[in-house]
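Please open the structure in the viewer and keep the selection tool at hand. The tour below proceeds stop by stop.

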Amino acid sequence: MNQPNHGGNLAWAAEIAGCPASSLLDFSASINPLGPPSSVINALQAALIQLRNYPDPNYCSLRSHLSNFHDIPGDWILPGNGSAELLTWAGRELANANETILLTPGFADYYRALTAFSAKIKAISFDIFSQNILTQIIPPADYSQTSLLLNNPHNPTGRLFRKSEILPLLDQFSLVVVDEAFMDFLPPEKSESLLGLVEKYPNLIILRSLTKFYSLPGLRLGYAIGHPDYLQRWQAWRDPWPVNILAEAAAIAGIEDHVFQQQTWNWLKSARLQLAESLTQIPGLSPLSGAVNFILVKTNFPSSQLQKQLLINHQLLIRDCLSFPELGDRFFRVAVRTEADHQRLLQGLTEVIKAQT
Ligand SMILES: Cc1ncc(COP(=O)(O)O)c(C=O)c1O
């Protein structure tokens, strides 16, 4: 099997580790370890009886719940089979511009979605250690025929761009798509989401995921928020039922589970700090400070070697950064998990690094 482009490829990792996929502890996909919430599991069980029906192709019920949740009209929301499905249609839309600007390092799937529709991509690399704001990273120019694809909070660095940094760009670009797949990990008072601006800026589309926060990557669930003209077009391009009945029920239960949301925010605040501080104690590792549930770590040891040794000797899977060419073997990324999981990771890393020095 080839080196995967994404985290969470347990079948590939199990082959290297020589153990069943179920024995692996996965730090490579950034999934909430507290989930899925029991409210979602109950909703899934209750929805099983509906499997004999087709889903509502307009997803009226889910749209109306999302509409209440975000205080945005339902026809400005389009559910999808994970935000990855909606990224495909965003790619088709972005490709209409003369050029699409992407920041690198960046999520590898952006290239898939854009090249699928022959978009002309202009990658702008940014110094991940500098605090330059977006308007300093993206040089001034005439962008009236140019589209922009941003990711906030940014994967893999964990950097949170401020709303105020993005705002001036909305006036300049023909279309701005902001992938906010990890934004829900920030409590409302810390959020830098642009959701509140979509009705003011018809050239702004936001992509959200429910798979990471609610721990449902196997179910696939996300949504786009933007002007109904875009979303109706996307609906016409795609197959009639991309979101299945179980995913729809899970989404409704998840967004209404305020207890789970609060628990996640409480856990993440201390768990991220604890993991970052412990990683700093391991010689040769320097974690970057980030805002969400994963940590990018600079390493003096090749990350592909660390990954292999952790798999073989400890059944632990970390995310190498080979699919981010600017980072390559000098970085790896780990998800923030529970304290017990962190102890296993830290012990594994310490042993593997000791054996290399
Ligand atoms: C930045 C980013 N956006 C979008 C996705 C896709 O998420 P999903 O399709 O599971 O909603 C991922 C998955 O890793 C991601 O890292």
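Select Arg220 together with the ligand: an N or O atom in the side chain of Arg220 lies 2.6 Å from an oxygen atom of the ligand. This is a predicted model, in which local features need pLDDT of at least 70 and side-chain atom pairs count only at pLDDT 80 or more, while totals for chains, interfaces and linings use all residues. Residues are numbered from 1 along each chain as its sequence is written, and side-chain values use heavy atoms, with hydrogens and water left out.

Next, add Thr211, where a side-chain N or O atom is 2.8 Å from an oxygen atom of the ligand. For Lys212, the corresponding distance from a side-chain N or O atom to a ligand oxygen is 2.9 Å. Now display the surroundings of the ligand, which comprise 14 residues (a residue is near a molecule if one of its heavy atoms lies within 4 Å of it). Those that come nearest are Asp179, Ser209, Thr211, Lys212 and Arg220.

Colour the two domains next. Domain 1 covers 10–36 + 259–356, and domain 2 covers 39–256; such bounds come from an automatic or database domain assignment. Their centres, taken over C-alpha atoms, are 26 Å apart.

Which residues of domain 1 lose the most area to domain 2? They are Pro36, Gln261 and Trp265, which together account for 24% of what that side buries. Between them, the two domains bury about 2,400 Å², 72% of it on carbon and sulfur atoms (buried area is the accessible area, with a 1.4 Å probe, that two parts lose on being put together, summed over both).

Show the whole interface: 26 residues of domain 1 are in contact with 32 residues of domain 2 (contact means heavy atoms within 4.5 Å). The rule finds zero salt bridges across this interface (a salt bridge is a side-chain nitrogen of Lys or Arg within 4 Å of a carboxyl oxygen of Asp or Glu).

Finally, turn to the structure as a whole, where a search finds eight salt bridges. Side chains of opposite charge can pair when their charged atoms come close. Select Arg238 and Glu85, which form a salt bridge with their closest N and O atoms 3.0 Å apart. Arg238 sits in the loop between α8 (228–237) and α9 (245–256), whereas Glu85 belongs to helix α4 (residues 83–94), so that the pair links parts of the chain 153 residues apart (helices are DSSP runs of H or I, at least four residues, numbered from the N terminus).

Key. Polar contact = N/O pair within 3.5 Å; in protein donor to acceptor, adjacent residues only side chain to side chain. Helix = DSSP H or I, 4+ residues; strand = E, 2+ residues; numbered from the N terminus.
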